[in-house]
Amino acid sequence: MHQLARRAALSAAVLGFALACNSGEGSEHAGGAGESARAGASGSSGAGASTSGVSGVSASGAAGAAGSAATAGAAQAGAGGDTAASGGTPSGSSGSGTSGSSAGATLGGGAGMSAGAGGAGGAGAGGGGAGDGFTLAWQDDFDTLDTSRWALQTFSWDGNLAQFSTENASVANGILSIALTPEPSDTAKPYRGVELRSIPTVTYGKVEARLRFAKGSGVISALVLIYTPWPADDWNEIDIEHLGKTSDTAQLNCQVYTGAPTTPPVTQSVSPTQDPLIAPLGFDAEGDFHLYTVEWTPVEVRFKADGALLRTWTTQIARMKLPQNILFTIWASSAADWAGPITAESAPTTADIDWIKVYSYAG
């Protein structure tokens, strides 16, 4: 994500479709991955950090506490340890600090549920191949919205023009739709968006989702893995974000905390070091469904689209080891240079998810 400039308000746990009315502010990235600010931020329910074994998929949920933090980012040029299979250039970031600050950095790197090992109806191509170390842990074909597996959040952050809402996610005909809608009566947050967060976490593994990203200048829709305790005592995040500025690219980002160790619980969140890369996809991500994959092992993170390798990230891989929740999000960015300017045609718009598969990793 971009550099962080966020203030988290008091949190209220939200699970399923239970409404919580508070809104906290988090970070806006101008040119970073658009999800950092909301890792367990105010008004959200953060799923727990427990895992099973070295590479487990856990099902414990915990309400994320609120805190206030602001971070000022420092740009840093990074060298090797990163391979971009399809080109692309890391975008810059900008941010302003508020109430209490800690330093962050942006690295420009180099180059229905079923458990078991088989697929289920509705889940298409992909899957763990023999000998690759990945085993199917669970999947969702979105015949319904299973509130034992997913929680809708109700917070926001500085630079996000949308308030996350429990009213903007729906399931019909086996498709999960998450919507960005105008809310002209709310001058502070003139849009309503969605963060749908998994209750199970994954620590090393593979996440595959068949989805269509949202159309609209200034609109961010994304598949995200993130460590969610709040205030954040550490940071792990892996993002595939579609920026409405262009229809045929995605921002691929890995974020970790590189500062001094902390002792939980903390009262002020740490800030991550980011490594965003804009990658060409070779297709219109807004026009049809495509398969997006994150493969996370102790030695690298691989990003794929329709089976094609887009990026391999290794820069700070030893720090990428925490249990992460899975998110589907849609929101509106105020950073026009990063995501495109918001226009009258930006919303309403939707991103649609056909299915998701989550694999554990045994090495």
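**Entry 1: a salt-bridge network**

I started with Arg302 and Glu300, whose side chains meet in a salt bridge at 2.1 Å, N to O. The model is a predicted one, and I keep that in mind for every value below. Salt bridges that share partners join Glu295, Glu300, Arg302 and Lys304 into one network. I then took the other links one by one. Arg302 also meets Glu295 in a salt bridge, at 2.6 Å from N to O. Glu295 in turn forms a salt bridge with Lys304, and there the closest N and O atoms are 3.2 Å apart.

Are Arg302 and Glu295 buried or exposed? I found both of them buried. Arg302 has a relative accessible area of 17%, and buried means under 20%, so Arg302 counts as buried. Glu295 has a relative accessible area of 6% and is buried by that cut-off too. I also ran the search over the whole structure, and it finds 8 salt bridges.

**Entry 2: the chain as a whole**

I stepped back to look at the overall make-up. The chain has 1 helix and 22 strands. There are 363 residues in the chain, and buried residues make up 57% of them. The chain exposes about 12,100 Å². Carbon and sulfur atoms supply 54% of that exposed area.

**Entry 3: strand β21**

I looked up strand β21, which covers residues 324-332. How many of the residues of β21 are buried? I counted 9 of the 9, so the strand is largely enclosed by the rest of the structure. I checked the two faces separately. On one side Gln324, Ile326, Phe328, Ile330 and Ala332 are all buried. On the other side Asn325, Leu327, Thr329 and Trp331 are all buried.

Next I asked which strands pair with β21. Strand β11, residues 191-202, runs antiparallel to β21 and is joined to it by 6 bridges. Within this pairing I noted Val202, whose bridge partner in β21 is Gln324. Strand β13, residues 219-226, pairs with β21 in the antiparallel sense as well, over 8 bridges. Here Ile226 stands opposite Asn325 of β21.

**Entry 4: strand β13**

I followed β13 further. This strand is mostly covered, with 8 of its 8 residues buried. Both faces are covered here too. Val219, Ser221, Leu223 and Leu225 are buried on one side, and Ile220, Ala222, Val224 and Ile226 are buried on the other.

Besides β21, β13 pairs with strand β14, residues 236-243. That pairing is antiparallel and has 7 bridges. I picked out Leu225, which stands opposite Ile238 in β14.

**Entry 5: Gln255 and Val270**

I looked for Gln255 and found it in strand β15, residues 249-256. Its relative accessible area is 0%, and the residue is buried. What does the side chain of Gln255 contact? I found a polar contact with the side chain of Asp239, at 3.1 Å.

Val270 lies in the loop between β15 and β16, the latter being residues 273-274. Is Val270 buried or exposed? At 7% relative accessibility, Val270 counts as buried, because buried means under 20%. I also took the C-alpha to C-alpha distance from Val270 to Thr258, which is 9.4 Å. In sequence, Val270 and Thr258 are 12 residues apart.

**Entry 6: aromatic rings**

I searched for aromatic pairs, and the structure holds 14 of them. One of these is formed by Trp157 and Phe164, with 5.7 Å centre to centre and 65° between the planes. The pair is edge-to-face, because planes over 60 degrees apart count as such. Trp157 and Phe164 are both buried.

I then asked which residues form a cluster with these two rings. The cluster consists of Phe155, Trp157, Phe164, Trp331 and Trp338. Trp331 had already come up in Entry 3, as one of the buried residues of β21.

Last, I looked for charges over rings. Arg149 lies over the face of Trp138, at 5.2 Å from the ring centre. Lys206 lies over the face of Tyr359, and there the distance from the ring centre is 4.8 Å.

Conventions
Residues numbered from 1 in each chain as written. Predicted model: local features only at pLDDT ≥ 70, side-chain atom pairs only at ≥ 80, totals over all residues. Heavy atoms only, no water. Helix = DSSP H or I, 4+ residues; strand = E, 2+ residues; numbered from the N terminus. Buried < 20%, exposed > 50% of the residue type's maximum accessible area, 1.4 Å probe, protein only. Polar contact = N/O pair within 3.5 Å; in protein donor to acceptor, adjacent residues only side chain to side chain. Pairing = 2+ DSSP bridges. Phe/Tyr/Trp six-rings, centres within 6.5 Å; stacked < 30°, edge-to-face > 60°. Lys NZ or Arg CZ within 6 Å of the ring centre and 35° of its normal. Areas by Shrake-Rupley, 256 points an atom, 1.4 Å probe, with all protein chains shown as cover. Salt bridge = Lys/Arg side-chain N within 4 Å of Asp/Glu carboxyl O.
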